[in-house]
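Please take a first look at the model below. A short walk through its parts follows.

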Amino acid sequence: GKIAGVFFTRGCPWKCRYCQNPSLSESDLKSSLSRNDIEEFLRSRKEFLDGIVISGGEPTIHSSLCDLLAWVRDYGYSTAIHTNGGFPEMLRCILKKRLVDYIAMDIKAPPAAYDRVTQVHNTGIAVSRSIKIILSSNIDYEFRTTYHPDILSEKELIDTMRAISCAGAKRYFLQRFRTKGVMDQELVQGGDVVTIPQAAINEAQMLFEEFEVR
């Protein structure tokens, strides 16, 4: 409901095949904005933007994230972050200090399949902790899953939704796979025509108070 600018942070240890920002996975400082660049952006857009979203990459890997959010809020902006939930202690810090007005977290898979999707060991445990932290924070949120049949089976997608519903989530979105930016050529060759299974849509409509397909 707000007009927002987006800052993309670099660095993410996960290797999800459908990632649309794989170029941001490495922490290449050569193309980073300076503090002055960011300050100029914040000053010059105050009359046009309501909020700033911090996305990535994975913003919560950065120890300076709390300071960045506080700095942005000092300019009068609302703030939000997009996260994979892999670093729950940073999330806890952000939410405890009330540094965001909205948080969007990707749910990649059901617990048993998490490491297969992220291609990193033991990611599901951190994600489970992050879900609990978000739901207990009273901060506005959304959970969402990007679907591709080569990544998740229909059963795994439904199991994903049931798991997040059992945790207490009320707002959830299913996102159609998009090829833009994706490096995995096997997925890209299939194009953007990915149909969300109707059985999953029907299940989500029963499980969540607020649900959409994007």
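This report goes from the sheet to the helices, and then to single residues.

**The sheet**

The model is predicted. Its open sheet is built from 7 strands. Their order is β1-β2-β3-β4-β5-β6-β7, and the pairing is parallel. The edges are held by β1 (4–8) and β7 (210–213). Each of these two has a single partner strand, so one side of each lacks a neighbour in the sheet. On average, neighbouring strands are turned by 20° against each other, direction ignored.

Start at the β1 edge. Strand β1 runs parallel to strand β2 (residues 51–55), and 5 bridges join them. One bridge pairs A4 with G51 of β2. The side chains of β1 alternate. G5 and F7 point to one face and are buried. A4, V6 and F8 point to the other face and are not buried.

Further along the sheet, strand β5 (residues 140–147) pairs with strand β6 (residues 171–176). This pairing is also in the parallel sense and has 5 bridges. Here Y147 has R176 of β6 as its bridge partner.

**The helices**

Which residues of helix α2 (residues 65–74) are buried? They are L65, C66, L68, L69, W71 and V72. These buried residues pack against three strands and two helices by name: β1, β2 and β3 (78–83), along with α1 (35–44) and α3 (88–96). Just after α2 comes G76, with a positive phi of about 95°.

A second helix contact joins α6 and α8. Two packed helices are described by the angle between their axes and the distance between the axes. The axes of helix α6 (residues 154–166) and helix α8 (residues 198–207) come within 10 Å. They cross at roughly 10°. An angle under 35 degrees counts as roughly parallel, so α6 is roughly parallel to α8. On the α6 side, the contact is made by E154, L157, I158, M161, R162 and S165. On the α8 side, A199, A200, E203, A204 and L207 take part. By class, this contact has 7 nonpolar, 1 polar and 3 charged residues.

**Two buried threonines**

T118 is found in helix α4 (residues 114–118). Its relative accessible area is 0%, so T118 is buried. The side chain of T118 makes a polar contact with the side chain of T123, at 3.1 Å. Leaving out residues up to four places away in sequence, T118 touches W14, K15, C16, K108 and T123.

T83 lies in strand β3. With a relative accessible area of 1%, T83 is buried. Its side chain makes a polar contact with the side chain of E58, at 2.7 Å. Not counting neighbours within four places in sequence, T83 is in contact with E58, T60, L91, I103, A104, M105 and D106.

**Backbone details in the loops**

Most residues other than glycine have a negative phi, and most peptide bonds are trans. Three places in the loops deserve a look against that background. G57 is in the loop between β2 and α2. A cis peptide bond joins G56 and G57, with omega about 20°.

Q119 is not a glycine, but its phi is positive, at about 60°. It is found in the loop between α4 and α5 (123–135). N122 is in the loop between α4 and α5 as well. Its phi is near 60°, again positive in a residue other than glycine.

Is E209 buried or exposed? E209 is exposed, with a relative accessible area of 69%. Its place is in the loop between α8 and β7. K170 is 39 residues from E209 along the chain, yet their C-alpha atoms are separated by 5.2 Å.

The table sets out the accessibility of residues named above.

| Residue | Relative accessible area | Class |
|---|---|---|
| T118 | 0% | buried |
| T83 | 1% | buried |
| Q119 | 46% | partly exposed |
| N122 | 58% | exposed |
| E209 | 69% | exposed |

Definitions and conventions: Residues numbered from 1 in each chain as written. Predicted model: local features only at pLDDT ≥ 70, side-chain atom pairs only at ≥ 80, totals over all residues. Heavy atoms only, no water. Pairing = 2+ DSSP bridges. Helix = DSSP H or I, 4+ residues; strand = E, 2+ residues; numbered from the N terminus. Axes fitted to C-alpha atoms, helices over the stretch in contact; angles between N-to-C directions. Parallel < 35°, antiparallel > 145°, perpendicular 65-115°, else oblique. Contact = heavy atoms within 4.5 Å. Nonpolar A, V, L, I, M, F, W, Y, C, P; charged D, E, K, R; others polar. Buried < 20%, exposed > 50% of the residue type's maximum accessible area, 1.4 Å probe, protein only. Polar contact = N/O pair within 3.5 Å; in protein donor to acceptor, adjacent residues only side chain to side chain.
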